[in-house]
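I opened my notebook to look around a structure that was new to me. Here is what I looked up, entry by entry.

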Amino acid sequence: MEILHKMLHTYAQAFDWHAWAEVLTDPVSWGLIGTLVILEGLLSADNALVLATMVKPLPAEKQKKALTYGLFGAVFFRFLFIGLGMFLVKFWWIKVLGAAYLAWLVISHFFLNGNDEGGAKKPGFLVRVFGVFWGTVIAVELMDLAFSVDSILAALAISEKVWVLLLGGVLGIIMMRTVAGFFLRLMDRIPELEHTAFILIAIIALKMFASVFHYELPHTAFFIIVILAFVITFIIHKRNQKKHHMEEVAASKEDE
């Protein structure tokens with residue numbers, strides 16, 4: 001009952017319009033808002049990368065639909081965890097499960113290949129039980145659960161004020177959905193990015209698991225890793241394109 005009472009008290013503060021007026025007229029608050037925008041932008045990059053990779057196997061018309069359903073899940077979990085606030089530190093097991101699931105995705109992609117003897121991709125447990133679309137949506141929602149913990153804890157690190165948690169949650173959701181769509185389009189144009197995505201997901205899994213033991217990889221360091229990974233992938237993509245072009249030229253000469 002104590003937890004429920006504190007949650008309701010937290011939600012009630014969100015509707016204190018006098019407090020919001022003070023926030024929006026305070027220069028210090030705008031400094032915090034700017035910090036939140038940068039922080040949530042960095043956090044949303046890895047979150048969006050994971051979600052984009054998860055929905056990529058779906059047909060193009062269903063990818064956006066799955067991400068939209070994931071958006072609703074993100075809203076729900078962030079709203080729930082805003083109410084729980086400081087109790088989140090007790091939910092370390094959610095991060096462990098999230099990290100384990102990401103690690104399984106990476107192992108399946110690189111080592112198990114996810115293929116049977118005929119070369120068709122083996123469906124995961126959720127896909128076998130709920131079908132391709134809903135299995136993917138449920139998997140996205142499960143990751144939203146772990147990412148919501150990360151997002152709210154990051155906002156709490158800046159300030160424990162309710163408005164900071166609310167703005168952090170909203171900004172994180174908007175950015176995550178937008179960036180996920182960008183990653184999807186990018187992976188369609190540059191196929192080599194799929195392998196890069198899984199390498200980064202492995203780093204994200206380690207990052208999430210390490211945070212259980214209170215070690216946090218600086219967001220700027222992760223962002224630099226992401227940029228380097230993309231630059232290297234673009235170089236490999238250009239080399240592959242050049243190689244493919246040379247092979248086509250050689251093949252056309254043989255035909256002549």
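**A cavity and two residues**

I began with the lining of the second largest cavity and sorted its residues into 6 nonpolar, 1 polar and no charged. Here Ala, Val, Leu, Ile, Met, Phe, Trp, Tyr, Cys and Pro count as nonpolar, Asp, Glu, Lys and Arg as charged, and the others, Gly among them, as polar.

I noted that this is a predicted model, where local features need pLDDT of at least 70, side-chain atom pairs count only at pLDDT 80 or more, and totals for chains, interfaces and linings use all residues. Residues are numbered from 1 along each chain as its sequence is written, and side-chain values use heavy atoms, with hydrogens and water left out.

Which residues line the second largest cavity? I found Leu-49, Phe-183, Met-187, Leu-193, Thr-196, Ala-197 and Phe-230 (each with an atom within 4 Å of a cavity point, on a 1 Å grid over the protein atoms alone where a 1.4 Å probe fits but cannot get out). H9 gives the largest share of this lining, 3 residues.

Next I turned to Gln-63, which sits in helix H4, residues 60–84 (a DSSP run of H or I, at least four residues, numbered from the N terminus). Gln-63 is buried at a relative accessible area of 8% (buried means under 20%, with a 1.4 Å probe and protein chains only). Beyond its neighbours within four places in sequence, Gln-63 is in contact (heavy atoms within 4.5 Å) with Val-55, Lys-56, Leu-58 and Leu-184.

Last, I looked up Ile-152 in helix H7, residues 132–158. Ile-152 is buried too, with a relative accessible area of 0%.

Conventions: Helices (H or I, at least four residues) and strands (E, at least two) are DSSP runs, numbered from the N terminus. Buried means under 20% relative accessible area, exposed over 50%, partly exposed in between (1.4 Å probe, protein chains only). On a 1 Å grid over the protein atoms alone, a cavity is a set of points where a 1.4 Å probe fits but cannot get out, and a pocket is an open set with protein on both sides within 12 Å along at least five of seven lines; lining residues have an atom within 4 Å of a point.
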